[in-house]
Amino acid sequence: MNRKEFLKSTVATPLILASPFAFFEKGISKINSSKRMKFSFRPYTLELKHVFTVSAMSRTTTPVMLTKIEYDGLIGYGEASMPPYLGESHETANLFLSKVNLSKYKNPFELETILADIDAIDKGNPAAKASVDIALHDLIGKLLGQPWYNIYGLDVKKTPFTVFTIGIDTPEVVREKMKESAEFKIIKIKLGKENDKEMIDTVCSITDKPITADPNQGWKDKNYAIEMIHYLKEKGALYIEQPLPKEKIDDLAWLTEKSPIPILADEGVQRLSDIPKAKNVYSGINIKLMKSTGMREAHKMILLAKSLGMKVMLGCMTETSCGISAASQLSPLVDWADLDGATLIKNDLFDGTKIIQGKVTPNSLPGIGIKKLQKS
Ligand code: MG
């Protein structure tokens, strides 16, 4: 390779890597050094449109914590969504967030330092940590006047289709729920109780769209699992999430080797440090901001998983458009998305990322792309 060819081959990389730092530099040069951040939070309860049943439980509400960072006339919004089975609650989030003091930092652009400090306050509490991370990202984007997909250097047109989730239910209720799925291109079926085939057959009798499945660790036997995976593949399944309990490492690795479709870790992978050991067990991972402690670590997780040749899905809990819009900023980086969480609730507090022709499409508003609704 001569000098000219060498320069041609290297010029693209530094430009891509430099983009977030260039944005930060611009933002730092404009800040008013006397200002300090003010952090606040309050509990809220999401009401679900339907009883939501997965293999381990049913529920009609989800507790969330709403966070706010005020700085120099701007407000960054964040959210912690805490489905009860994950162990966080209004009480635990209240306790954790009471220890957050952002007034000691010079400015929001100390993102890495601030979020590493938040992470070190206590172990666990991933959703509470995410609520600070999201609010800080929203604030920084607003200070820069840019949506985060621009700061990351992503092409918003590359966002994948997002799935519409059908919880475990009777054929009558499944048929009713399917009426809301018209604008979605992929249907995700929750499995893991005794009616697996009935669930699959009911959905497939209504639509010929591609499907995915999520037993949420509900299958206990690897032979049953491989039989069901072949059945799903015949019905047009693209991939499957967490078929077996996360502790069954050997069985999951066996299944991944035998399966004709990718097997993704959901419950089996929470954070960045879980990824290397998941490499030989699963074909990919489902990343959720509420598990990863927010956008900062989710971004690192996507890049690490992709560098290891793993598939990446971006998922969610039932969340307001705040959490969903934050996740959508990262969506052009991933293979699959499951970001329908805000469509499953009755009392959203934000207007944000919309699902357009089956894709979670972030708007051009700065930050995570949300506006607070008047009623809140
Ligand atoms: Mg899942």
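The following exchange goes through the two domains of this predicted model and the contacts between them.

Reader: What makes this protein chain a two-domain structure, and where do the domains lie?
Author: The domain assignment of the protein chain gives domain 1 as 38-148 and domain 2 as 150-372, and these bounds come from an automatic or database assignment. The C-alpha centres of domain 1 and domain 2 are 21 Å apart.

Reader: How do you know that domain 1 is in contact with domain 2, and how many residues take part?
Author: Contact requires heavy atoms within 4.5 Å, and by that rule 43 residues of domain 1 touch 48 residues of domain 2. Between them the two domains bury about 4,000 Å², with 61% of this area on carbon and sulfur atoms.

Reader: Why is the pair Asp 119 and Arg 271 called a salt bridge?
Author: The rule asks for a side-chain nitrogen of Lys or Arg within 4 Å of a carboxyl oxygen of Asp or Glu. The side chains of Asp 119 and Arg 271 meet at 2.9 Å, N to O, so the pair satisfies that rule. Across the interface of domain 1 and domain 2 the rule finds 3 salt bridges, while the structure holds 20 salt bridges.

Reader: What makes Lys 129 and Asp 119 a salt bridge, and which parts does the pair tie together?
Author: Their side chains meet at 2.8 Å, N to O, which falls within the 4 Å of the rule. Because Lys 129 lies in helix 5 and Asp 119 in helix 4, this salt bridge ties together parts that are 10 residues apart in sequence.

Reader: How many residue pairs are in polar contact between the domains, and which elements give residues to the side of domain 1 that touches domain 2?
Author: The count between domain 1 and domain 2 is 28 residue pairs in polar contact, with both residues at pLDDT 80 or more. On the side of domain 1 that touches domain 2, the elements giving two or more residues are strand 1 (38-54), strand 2 (57-71), strand 3 (74-81), helix 4 (111-121) and helix 5 (126-144). Strand 1 gives the most, with 12 residues, and the residues of this side divide into 21 nonpolar, 11 polar and 11 charged.

Reader: How do you know that the radius of gyration of the protein chain agrees with that of a compact globule?
Author: For 376 residues a compact globule would have a radius of gyration near 21 Å, and the protein chain has 21 Å, so the two agree. Along the principal axes, the C-alpha atoms fill a box of roughly 65 × 60 × 40 Å, and the protein chain has 14 helices and 15 strands.

Key. Residues are numbered from 1 along each chain as its sequence is written. This is a predicted model: local features need pLDDT of at least 70, side-chain atom pairs count only at pLDDT 80 or more; totals for chains, interfaces and linings use all residues. Side-chain values use heavy atoms; hydrogens and water are left out. Buried area is the accessible area (1.4 Å probe) that two parts lose on being put together, summed over both. A polar contact is a pair of N or O atoms within 3.5 Å; within protein, one must be able to donate a hydrogen and the other to accept it, and residues adjacent in sequence count only if both atoms are side-chain atoms. Helices (H or I, at least four residues) and strands (E, at least two) are DSSP runs, numbered from the N terminus. Ala, Val, Leu, Ile, Met, Phe, Trp, Tyr, Cys and Pro count as nonpolar, Asp, Glu, Lys and Arg as charged, and the others, Gly among them, as polar. The radius of gyration is taken over C-alpha atoms; the globule rule is 2.2 Å times the number of residues to the power 0.38.
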